[in-house]
Amino acid sequence: MKRRLLGTIAVAVALTVPWVVVWMLTVGLPAVGYDPALFAHPPTLATVAISGVSILGAAFLLAWAAETAEKDVPSAFAIAILAVLAVAPEYAVDALYAWNAGQFAGTERGIEAGNLAVANMTGANRILIGLGWSGIALFTMFRRESDVDPAVTDRAGFLRDAVSIDPDISLEIVFLLLATLWAFLVPLNGGIDIFDMLVLVGLYVAYIGIVIRGDIEPEDVHTGVPAALQALSRPKRIASVVLLFVYSGFVIFVAVEPFAHGLEDLGTEAGIPPFFMIQWIAPLASESPELIVVAYLVNKARSTAGFNALISSKLNQWTLLIGTLVVVYSLALGQYGALPFDQKQSGEIWLTAAQSFFALALLIDLEITAREAVTLLVLFVSQVLLEFAVIREVVALPITTYEMLLIYSAVYIVLGLVLFVRRRDEFRLLLERSVGTITSAFGGEERPQQADD
């Protein structure tokens, strides 16, 4: 049995090795003095294929590390670490654009880089909800083993099935709602500034400070690689988890950027505008490790852990990713400055915040139905396709793209407000659970569970 499990780990590692070798030859060795001309970069298609396969292998290693870590730390904290590592490439890509915006401030290149930083960030956040939350919900409900998943509720009627959300995720939903409400204010200052950083990063630090104090509770019985690693002695288990986290994080970090840029180049060759590629294709590539990890957890009937990972990822992207852009920009600028963006990017931020508001309204009753997931998916896809059709001049609208973004934002907000009003009792219970979690984390008495919990 142990030999077979070691073989499973070896297969995942083997998927990552080709790109690690390519990276060492083309980046690592030249960085320490070797002539970069000695090592030729592979063609674009090969780069996409090799780096993409390495991301797949690293995603499995990352998932195994997170599951194994649940034996020694609160599961919410393990999921938070997984979420940060899985979206680290997105931070790297966005930080690059923010750095260029600061270095070339006041020039056309700097202005474009600032807009690209915001576009990449908003694209990544909307993909995470529009494709991630909706797609994983539908996959959970309609995969072959859904009938044995305790998180799936079968209901009569068209698209009436639902996925239950763990009540313990209430805290994440509340913190994400606070970050979302603040995000509506970001465009009003004409840029991402120090107040955005203090509030958004402060929210995430407070969240981590709460979950790390949580109790280590018995989790679902693990199988396969996580079960074997959890059976190790504590020093060996911790060493294995750290090694898997570090190695998988390194592979994802060095593979996603060339994977994303390779896709951009392939898209450009196919006639897709570069700006559209950077907003949608590059974030889609950088989100892929996370979606792979979640799909893996769901396929193991660990749907609760999968959705926890998705919500935690959205929380850190919507706080750390936005809040730290001003830091990178100011460092490159050589002094403090707010990261500027144009009117269209203001619309993108409002639309992203509105989508987040609507998605949270769907979750306050701690479930998402197939109908709700399809609505989330259709709204996202229709906006992206419509904008692409306008860019390619396939469709001519009587309004500007900015106005189109505002209309979609209004639709999300109206739908979200209706749901919050209808589910105000569920929202009150959600707040009570969160207060109970915070009180318990800081040594107070835990609030008794409600009867309908």
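1. S356 is found in helix α12, which covers residues 343-363. In this predicted model, S356 has a relative accessible area of 0% and is therefore buried, since buried means under 20%. Leaving aside neighbours within four places in sequence, the residues in contact with S356 are I129, L176, T180, K314 and W318.

2. A second serine, S134, lies in helix α5, residues 108-142. S134 is also buried, with a relative accessible area of 0%. Not counting residues up to four places away in sequence, S134 touches I129, A373, L376 and L377. I129 thus appears in the contact lists of S356 and of S134.

3. How do α12 and α13 cross? Their axes cross at roughly 170 degrees and come within 10 Å. That angle makes α12 roughly antiparallel to α13. On the α12 side the contact is made by K344, E348, L351, Q355, F358, A359 and L362, and on the α13 side by E372, T375, L376, L379, F380, Q383 and E387. Sorted by class, this contact has seven nonpolar, three polar and four charged residues.

4. Helix α13 (residues 370-391) also packs against helix α14 (residues 401-422), with axes that come within 11 Å and cross at roughly 175 degrees. These two helices are therefore roughly antiparallel to each other. From α13 the contact takes in L376, L379, F380, S382, Q383, L386, E387 and V390; from α14 it takes in T401, M404, L405, Y408, V411, Y412 and L415. By class there are eleven nonpolar, three polar and one charged residues in the contact of α13 with α14.

5. Some α13 residues recur in these points. L376 is in the contact with α12, in the contact with α14 and among the residues that S134 touches. E387 is likewise part of the contact with α12 and of the contact with α14.

6. How many salt bridges are there? The count comes to seven. In one of them, the side chains of R126 and E348 meet at 2.9 Å, N to O. R126 lies in helix α5 and E348 in helix α12, so this pair ties together parts that are 222 residues apart in sequence. Both R126 and E348 are buried.

7. Another salt bridge joins the side chains of K344 and E387, at 3.1 Å, N to O. Because K344 lies in helix α12 and E387 in helix α13, the pair ties together parts that are 43 residues apart in sequence. K344 counts as partly exposed at 22% relative accessibility, whereas E387 counts as buried at 2%. R126, K344, E348 and E387 are linked in a network of salt bridges.

8. The salt bridge between the side chains of E432 and R428 (3.1 Å, N to O) lies within one helix. Both residues belong to helix α15 (residues 424-441), four residues apart, which is about one turn of the helix. E432 is buried, with a relative accessible area of 19%, while R428 counts as partly exposed at 42%.

9. There is also an open sheet of three strands, in the order β1-β2-β5, with antiparallel pairing. Which strands stand at the edges? They are β1 (152-153) and β5 (367-369); each has a single partner strand, so one side of each is left without a neighbour in the sheet. Strand β2 (residues 162-164) pairs with β5 over three bridges in the antiparallel sense. The bridge partner of A162 in β5 is T369.

Terms used
Residues are numbered from 1 along each chain as its sequence is written. This is a predicted model: local features need pLDDT of at least 70, side-chain atom pairs count only at pLDDT 80 or more; totals for chains, interfaces and linings use all residues. Side-chain values use heavy atoms; hydrogens and water are left out. Axes are lines fitted to C-alpha atoms, for helices over the stretch in contact, and angles run from 0 to 180 degrees between N-to-C directions. Angles under 35 degrees count as roughly parallel, over 145 as roughly antiparallel, 65 to 115 as roughly perpendicular and the rest as oblique. Contact means heavy atoms within 4.5 Å. Ala, Val, Leu, Ile, Met, Phe, Trp, Tyr, Cys and Pro count as nonpolar, Asp, Glu, Lys and Arg as charged, and the others, Gly among them, as polar. Buried means under 20% relative accessible area, exposed over 50%, partly exposed in between (1.4 Å probe, protein chains only). Two strands pair if DSSP finds at least two bridges between them. A salt bridge is a side-chain nitrogen of Lys or Arg within 4 Å of a carboxyl oxygen of Asp or Glu.
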